[in-house]
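Student: I should like a close look at a single part of this model, namely its helix and the side chains displayed along it. Please give one connected account.

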Amino acid sequence: MAGAPLDDLDLKASRNQRAEAAGTCAAEEVKKRQELAQTNAAELAQLQQRLQAAQDDAEGKEAVVDKLASVKAWLAELRKQQRQLDADKKELDADKELLEPEDARLFIRRVLVAQGL
């Protein structure tokens, strides 16, 4: 029985070695998972920045589209006003043509009256 305590010691040492090896493996696994978590966090932060930039870009483009629509509406209103001004000018030109001969007759009449004729 003298060998039994040594066997117990060997068994305990073997268990301790296995526990130590398991602890080392667990520690390495924890370290790997922490590194992976850090990598994933960095990638997530980068993706969030890209998403924010894309959203900002989309908002900027939307603002440009809105401004363009506003400018188009303003331009359409200006064209409508220009058409109305052109129509009014034609009407005034026609009235002017009708009035010019009348003005000439009035001038001649005034001259004749002034001369006593």
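Tutor: A residue counts as buried under 20% relative accessible area, as exposed over 50%, and as partly exposed in between. D93, with a relative accessible area of 32%, is therefore partly exposed. The model under discussion is a predicted one, and the same scale serves for the other residues described below.

The setting comes first. The protein chain contains one helix and zero strands. Its radius of gyration is 49 Å, well over the 13 Å that the globule rule gives for 117 residues, so the chain is more spread out than a compact globule. The C-alpha trace spans about 165 × 20 × 10 Å along its principal axes. The helix in question, α1, comprises residues 4-114. As for burial, 0% of the 117 residues of the protein chain count as buried. The chain exposes about 10,800 Å², and carbon and sulfur atoms supply 59% of that area.

Salt bridges may be taken next, in order along the helix. A search of the whole structure finds three of them. In one, R33 is paired with E29, and the closest N and O atoms are 3.0 Å apart. Both residues belong to helix α1 and are separated by four residues, about one turn of the helix. R33 is exposed because its relative accessibility is 57%, whereas E29, with a relative accessible area of 38%, is partly exposed.

Another bridge joins D57 to K61, with 3.3 Å between the closest N and O atoms. Here too the partners both lie in helix α1, four residues apart, about one turn of the helix. D57 has a relative accessibility of 40% and so counts as partly exposed; K61, at 53%, counts as exposed.

The remaining bridge brings us back to D93, whose side chain meets that of K89 at 3.0 Å, N to O. K89 and D93 are likewise both in helix α1, with a spacing of four residues, about one turn of the helix.

Charged residues also form a surface feature of another kind. D56, E59, E62 and D66 gather in a patch of negative charge on the surface. Membership of such a patch requires over 30% relative accessible area and no salt bridge. D66 is found in helix α1, and its relative accessible area of 49% makes D66 partly exposed, because the exposed class begins only over 50%. Over the protein chain as a whole, the mean positions of the 19 positive and 23 negative charges are 4 Å apart.

A nonpolar patch completes the account. V71, W74, L75 and L78 make up a nonpolar surface patch of about 360 Å². Of these residues, W74 can be described further: W74 is placed in helix α1, and W74 is exposed because its relative accessible area is 56%.

Taken together, helix α1 carries the paired charges R33 and E29, D57 and K61, and K89 and D93. Helix α1 also includes D66, a member of the negative patch, and W74, a member of the nonpolar patch.

Methods:
Residues are numbered from 1 along each chain as its sequence is written. This is a predicted model: local features need pLDDT of at least 70, side-chain atom pairs count only at pLDDT 80 or more; totals for chains, interfaces and linings use all residues. Side-chain values use heavy atoms; hydrogens and water are left out. Patches are made of residues with over 30% relative accessible area and no salt bridge: like charges are joined within 9 Å, nonpolar side chains (Val, Leu, Ile, Met, Phe, Trp, Tyr) within 5 Å. Accessible areas come from the Shrake-Rupley method with a 1.4 Å probe; for residues, only the protein chains shown count as cover. A salt bridge is a side-chain nitrogen of Lys or Arg within 4 Å of a carboxyl oxygen of Asp or Glu. Helices (H or I, at least four residues) and strands (E, at least two) are DSSP runs, numbered from the N terminus. Buried means under 20% relative accessible area, exposed over 50%, partly exposed in between (1.4 Å probe, protein chains only). The radius of gyration is taken over C-alpha atoms; the globule rule is 2.2 Å times the number of residues to the power 0.38. Lys and Arg count as positive and Asp and Glu as negative; His and the chain ends are not counted. The place of a charge is taken as NZ of Lys, CZ of Arg, CG of Asp or CD of Glu.
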